[in-house]
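Q: I have a model open and would like to learn how to read its sheets and its pocket. Where should I begin?

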Amino acid sequence: GGELAVTWWVPGFGGRWVTNSLSEAAGEGAPSLVADTVTSYVTPWNGLNVAGLDADGNVQVFWWTPTTQMWVSSNLSEEVEGGVTFAEGPLSAVSGSDASIYIFGTDDAGDVQTFAFGNDAWQVINLSETATVR
């Protein structure tokens with residue numbers, strides 16, 4: 001049904017695995033995700049993030065905010081200029097020790113795009129346009 005659940009283990013759980021609904025934790029209005037698009041990454045500041053696509057191809061990210069002690073969701077497609085959406089399919093993501101984050105997918109034209117976080121802002125880079133063939 002698009003609800004995001006995560007199964008995890010941390011020492012504070014008393015040595016057992018726990019499953020939580022991040023959709024429920026993020027509250028009313030949390031987006032539904034297309035199942036085969038979900039990926040996760042850990043930020044350099046040790047925050048777990050889960051990204052996926054909603055039915056409209058928007059890149060949605062669930063993340064823990066320590067200031068409010070809550071899970072929230074953000075629509076990255078609305079945060080970047082041009083409102084870039086991705087075609088349905090798996091995403092992948094990595095983060096770097098320099099506090100950078102990259103979420104990769106393809107758009108409807110088949111171009112490889114990345115949502116890139118750096119200098120406290122998100123941007124989209126069309127890697128198919130910037131790549132050099134060798």
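Q: How many bridges join strand β8 to strand β9, and in which sense do the two strands run?

A: This is a predicted model. Strands β8 (residues 101–106) and β9 (residues 112–118) are joined by 6 bridges and run antiparallel. To follow the register, take one facing pair: tyrosine 102 stands opposite alanine 116 in β9.

Q: What is the order of the strands in the open sheet that holds β8 and β9?

A: The order is β7-β8-β9-β10, with antiparallel pairing. β7 (92–95) and β10 (121–126) each have a single partner strand, so one side of each is left without a neighbour in the sheet. From one strand to the next, the twist averages 20 degrees.

Q: Which strands form the open sheet that includes β4, and which of them stand at the edges?

A: That sheet has 4 strands in the order β3-β4-β5-β6, and its pairing is antiparallel. The edges are β3 (39–42) and β6 (70–75); each has a single partner strand, so one side of each lacks a neighbour in the sheet. Here the twist averages 25 degrees from one strand to the next.

Q: How do I read the pairing of β4 with β3 and with β5?

A: Look at the bridges on each side in turn. With β3, β4 pairs in the antiparallel sense over 4 bridges, and threonine 39 has alanine 51 as its bridge partner in β4. With β5 (residues 59–65), β4 (residues 48–53) pairs antiparallel over 5 bridges. Glycine 52 has glutamine 60 as its partner in β5, and asparagine 49 stands opposite tryptophan 63.

Q: Is β4 mostly covered or mostly exposed?

A: β4 is mostly covered, with 5 of its 6 residues buried. As a general idea, side chains in a regular strand alternate between the two faces of the sheet.

Q: What should I look at in the hairpin turns?

A: Check phi. The β3 and β4 hairpin has 5 residues between its strands, and asparagine 46 in the turn has a positive phi of about 70 degrees. In the hairpin of β4 and β5, also with 5 residues between the strands, glycine 57 has a positive phi near 85 degrees.

Q: Which residues lie nearest the centre of the largest pocket, and which elements supply its lining?

A: The largest pocket holds about 310 Å³ of space. Of its 17 lining residues, Thr43, Trp45, Asn49, Trp63 and Trp64 lie nearest the centre. β4, β5 and α2 (76–79) each supply at least two lining residues, and β5 gives the most, with 4. By type, the lining divides into 11 nonpolar, 5 polar and 1 charged.

Definitions and conventions. Residues are numbered from 1 along each chain as its sequence is written. This is a predicted model: local features need pLDDT of at least 70, side-chain atom pairs count only at pLDDT 80 or more; totals for chains, interfaces and linings use all residues. Side-chain values use heavy atoms; hydrogens and water are left out. Two strands pair if DSSP finds at least two bridges between them. Axes are lines fitted to C-alpha atoms, for helices over the stretch in contact, and angles run from 0 to 180 degrees between N-to-C directions. On a 1 Å grid over the protein atoms alone, a cavity is a set of points where a 1.4 Å probe fits but cannot get out, and a pocket is an open set with protein on both sides within 12 Å along at least five of seven lines; lining residues have an atom within 4 Å of a point. Grid points are joined across faces, edges and corners, and a volume is the space filled by probe spheres set on the points. Ala, Val, Leu, Ile, Met, Phe, Trp, Tyr, Cys and Pro count as nonpolar, Asp, Glu, Lys and Arg as charged, and the others, Gly among them, as polar. Buried means under 20% relative accessible area, exposed over 50%, partly exposed in between (1.4 Å probe, protein chains only).
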